[in-house]
Protein chains: 2
Amino acid sequence: MPTVSLTDAELQTKRRSLFASNSLAFYRTPLVLERAEGVWVHGRDGRTYLDAYNNTVPVGHCNPEVVEAICRQAATLNTHSRYVHELVLDYAEELIGTFPEHLNKTGFTCSGTEANELALRIAASHTRKTGFVVANFAYHGTSMLLDDLSPFAGGTSGANVRVLKPADVYRFGEEGVLNHFTEGLQEAIDDLESKGFGFAALLVDTIFESGGIFPHPTNFLSSAEKIVHQSGGLFIADEVQAGFARLGEIMWGFQRHGLTPDLVSMGKPMANGLPCAAVVGRGYLIDAFYDKSHYFNTFAGGGTAISAAQTVLNIIQRDRLTEHVQEVGEHLLFGLMRLMQQHEMIGDVRGAGLFAGIEIVSDRDAKTPDNKAAQAVVNGLVESGILTGSAGEFGNIIKIRPPLIFSKENADYVIENLDEVLTKLPRKLGS
Amino acid sequence: MPTVSLTDAELQTKRRSLFASNSLAFYRTPLVLERAEGVWVHGRDGRTYLDAYNNTVPVGHCNPEVVEAICRQAATLNTHSRYVHELVLDYAEELIGTFPEHLNKTGFTCSGTEANELALRIAASHTRKTGFVVANFAYHGTSMLLDDLSPFAGGTSGANVRVLKPADVYRFGEEGVLNHFTEGLQEAIDDLESKGFGFAALLVDTIFESGGIFPHPTNFLSSAEKIVHQSGGLFIADEVQAGFARLGEIMWGFQRHGLTPDLVSMGKPMANGLPCAAVVGRGYLIDAFYDKSHYFNTFAGGGTAISAAQTVLNIIQRDRLTEHVQEVGEHLLFGLMRLMQQHEMIGDVRGAGLFAGIEIVSDRDAKTPDNKAAQAVVNGLVESGILTGSAGEFGNIIKIRPPLIFSKENADYVIENLDEVLTKLPRKLGS
């Protein structure tokens with residue numbers, strides 16, 4: 001290990017020499033981090049940032065209870081799932097217990113990508129079809145198949161993939177969105193059938209994170225579900241973003257929509273940052289798939305990650321984080337609504353629980369997305385010590401998605417600084 | 001958490017009720033594990049087993065240095081790679097330092113599956129082709145694409161996949177194997193070209209683990225490499241099994257074959273059991289791929305796993321594990337050779353470093369694979385307190401692949417017990 005520290009600029013150069021030259025680092029001036037705890041992240045330069053972005057640490061960076069669980073288990077037993085480990089069974093039982101009764105079996109994986117891959121393989125195996133439908137500008141993972149199923153990534157989708165029109169109620173209205181997810185879905189399925197692929201599954205992130213964060217209305221996905229099931233396909237709820245109490249009141253995003261998914265994939269927040277993910281689904285689907293396949297995932301369900309995941313689930317339940325997230329989320333949303341009254345460039349504010357999107361527009365009437373201004377706001381916020389990000393097809397939606405332990409005071413701090421950044425921003429910056 | 005312990009049988013029932021009913025657990029009587037340290041694994045029933053199987057813990061179960069690194073880092077900072085983290089850069093630099101000069105950039109992932117997916121995406125992007133060639137009975141991962149590229153899994157391979165004939169020198173001789181990997185490869189490539197897929201890459205595990213463990217000869221893969229490069233495709237070395245000093249003398253399996261791979265994937269042993277994997281490859285390939293794609297992997301390169309990986313690499317280098325593995329591996333192989341002289345059912349013994357395969361046959365002259373007898377030996381060994389497994393197209397090859405810190409005494413213990421198990425085994429069990 002080198003003993004002489006490099007400057008931040010030298011570290012950037014080193015980064016570009018070891019990874020892809022253009023590996024994206026967040027923010028105009030990338031952050032060199034040193035340590036973190038709770039909702040706070042500390043730069044190597046001594047600066048402290050409020051983390052209003054990272055959903056991978058739902059119970060806070062370096063949560064002491066999680067760290068203790070990791071240490072204890074890493075020193076005791078961390079092996080694969082072809083041996084029997086009671087701790088892993090107990091967690092599987094408790095995780096399944098957070099789902100409606102029909103979702104009664106699980107398969108662990110290492111990442112959301114692997115969870116979606118497993119869900120898609122189960123769907124293809126069950127239906128013996130290869131056609132998939134996804135939402136506009138969706139992102140579902142890094143594998144070759146999931147890249148095809150991720151219009152976000154910009155690649156041409158495979159011949160067996162259909163993409164729905166946006167769930168963007170702000171621009172298309174409730175009726176427009178309902179049409180996209182009913183008539184549009186039926187057309188997509190018919191087209192897949194007519195081209196010989198058949199229809200295997202609709203895969204959908206129930207908060208539409210990369211598409212632009214659309215928590216409302218909550219009626220159109222249940223209409224889509226009816227069409228999916230009438231067509232003999234499976235409904236896969238991708239809860240990598242929406243799950244684990246993120247949206248307040250309930251544990252899973254699909255519950256807000258009154259859905260009965262066949263398979264649910266989850267990942268990011270599951271083990272507070274250790275790689276850990278899963279599919280939970282109808283038992284007969286999971287049984288049938290494993291009967292036919294040789295699926296085995298070496299690292300999945302390892303004791304150390306599961307021990308962290310168990311602690312996260314304990315804390316969510318013990319500290320009633322669904323209620324906490326609902327309360328702080330409402331407080332945050334209320335504050336953002338107030339800002340919208342004062343700042344012309346906020347075209348829309350929307351959210352559920354601790355997942356909020358702020359549409360930055362150059363023209364409120366025309367609802368013109370203003371990516372440049374949004375990026376200026378995100379960079380302004382990091383300069384004032386707050387981590388956020390952006391989302392949506394036009395990159396103009398500021399994304400606030402903090403650890404679930406975020407407090408009302410944290411939310412107020414975001415509001416105050418956002419107010420200042422917006423006030424200082426040159427008007428019509430991006431137009 | 002339940003306070004009353006379930007019996008082992010009740011745990012099995014619980015396992016079948018939470019996961020797929022037929023989720024494979026190793027051994028006739030599945031092991032319920034409680035703790036492990038070094039090369040020893042402890043069952044909940046108080047029994048202790050010598051671990052001659054698990055490559056995921058190269059420096060030993062619950063290695064105290066690794067545990068300390070995990071604890072320290074989990075309590076300090078564990079975040080994604082869009083922030084800059086010096087520890088992660090230092091590890092990337094040291095990892096790349098173990099490769100020949102032309103392999104000079106890396107991309108981290110969470111699992112071998114994700115590493116192979118990344119390598120295949122890079123190859124497809126670079127060549128603009130979609131045809132892949134793999135070895136007989138190969139296993140490369142759990143995604144839909146990799147399942148297609150894993151004849152091991154028994155599924156019908158995709159139209160864009162060709163499978164080479166076995167590297168089984170025991171049955172086909174050196175010339176036969178060389179033919180499979182030259183003429184056979186050329187035919188596969190020609191066929192992919194003629195069918196319009198074109199040829200993107202040969203993906204090959206350089207120890208042929210699932211195919212049956214074929215460490216020798218070491219000449220045919222370099223002939224295959226020439227054909228791959230003449231055809232404009234990429235050579236991807238899958239080092240998930242062979243890498244990180246497993247084969248003795250050298251760090252990477254492809255080095256034994258004098259290869260110049262374009263991309264190398266690695267995983268399993270990298271972080272001593274925490275999910276952690278990577279691709280290392282030619283910089284221009286990695287740069288070009290990230291230029292064109294939006295590849296980002298949330299958990300990959302997280303501080304906690306990388307801290308464990310750094311400790312593993314430190315120990316491999318500090319304790320000269322390549323030399324240790326070579327020495328103990330030779331001792332083990334010598335012992336197994338002696339057993340072959342005494343036991344008719346051992347048709348062949350082969351290995352490199354601490355990766356040995358023992359062919360169990362019912363007829364030495366006909367080289368008839370005897371799966372039943374091999375399973376009886378594996379189960380006999382576990383009853384005598386030693387964990388092994390089986391491999392190969394016919395499941396008749398006993399696989400010995402212990403932690404790298406295995407000692408000569410550990411190897412002797414395996415030999416002695418294997419001798420006893422073989423002696424007690426009814427002759428002609430499987431024929």
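**Close-up 1. The loop of chain A that holds A:Glu249, between strand E8 (234-238) and helix H9 (253-256).** In this predicted model, A:Glu249 has a positive phi of about 65° although the residue is not a glycine. Most residues other than glycine have a negative phi. A:Glu249 counts as partly exposed because 15 other C-beta atoms lie within 10 Å, a number that falls between the bound of 12 or fewer for exposed residues and that of 20 or more for buried ones.

**Close-up 2. The surroundings of A:Phe137, in the loop between strand E5 (132-134) and H5 of chain A.** Phi of A:Phe137 is near 55°, again a positive value in a residue other than glycine. A:Phe137 is classed as buried because 23 C-beta neighbours lie inside 10 Å, where 20 or more are required.

**Close-up 3. The cis peptide bonds that precede A:Pro217 and B:Pro217.** In chain A, the bond from A:His216 to A:Pro217 is cis, with omega near -5°, and A:Pro217 is placed in the loop between strand E7 (201-205) and helix H8 (220-230). In chain B, B:His216 and B:Pro217 are likewise joined by a cis peptide bond, with omega about -5°, and B:Pro217 lies in the loop between strand E7 (201-205) and helix H8 (220-230) of that chain. Most peptide bonds are trans.

**Close-up 4. The contact between domain 1 and domain 2 of chain A.** Domain 1 consists of two segments, 8-62 and 321-424, whereas domain 2 covers 64-318; the C-alpha centres of the two domains lie 25 Å apart. Across this boundary, 27 residues of domain 1 are in contact with 29 residues of domain 2. On the domain 1 side, the elements that give two or more residues are helix H12 (321-342) and strands E11 (346-352), E12 (355-363) and E16 (397-400) of chain A, and H12(A) gives the most, with 5 residues. The residues on this side divide into 12 nonpolar, 9 polar and 6 charged.

**Close-up 5. The contact between chain A and chain B.** Chain A gives 79 residues to this contact and chain B gives 80 residues. Among the elements that give two or more residues to the chain A side are helix H1 (8-18), strand E1 (33-37), helix H4 (112-127) and helix H10 (283-292), while the largest share, 6 residues, comes from H3(A). The chain A side is made up of 38 nonpolar, 25 polar and 16 charged residues.

Terms used. Residues are numbered from 1 along each chain as its sequence is written. Chains are lettered from A and ligands numbered from 1 in the order in which they are written. This is a predicted model: local features need pLDDT of at least 70, side-chain atom pairs count only at pLDDT 80 or more; totals for chains, interfaces and linings use all residues. Two residues are in contact if their C-beta atoms, placed from the backbone, lie within 7 Å. Helices (H or I, at least four residues) and strands (E, at least two) are DSSP runs, numbered from the N terminus. Ala, Val, Leu, Ile, Met, Phe, Trp, Tyr, Cys and Pro count as nonpolar, Asp, Glu, Lys and Arg as charged, and the others, Gly among them, as polar. Domain bounds come from an automatic or database domain assignment.
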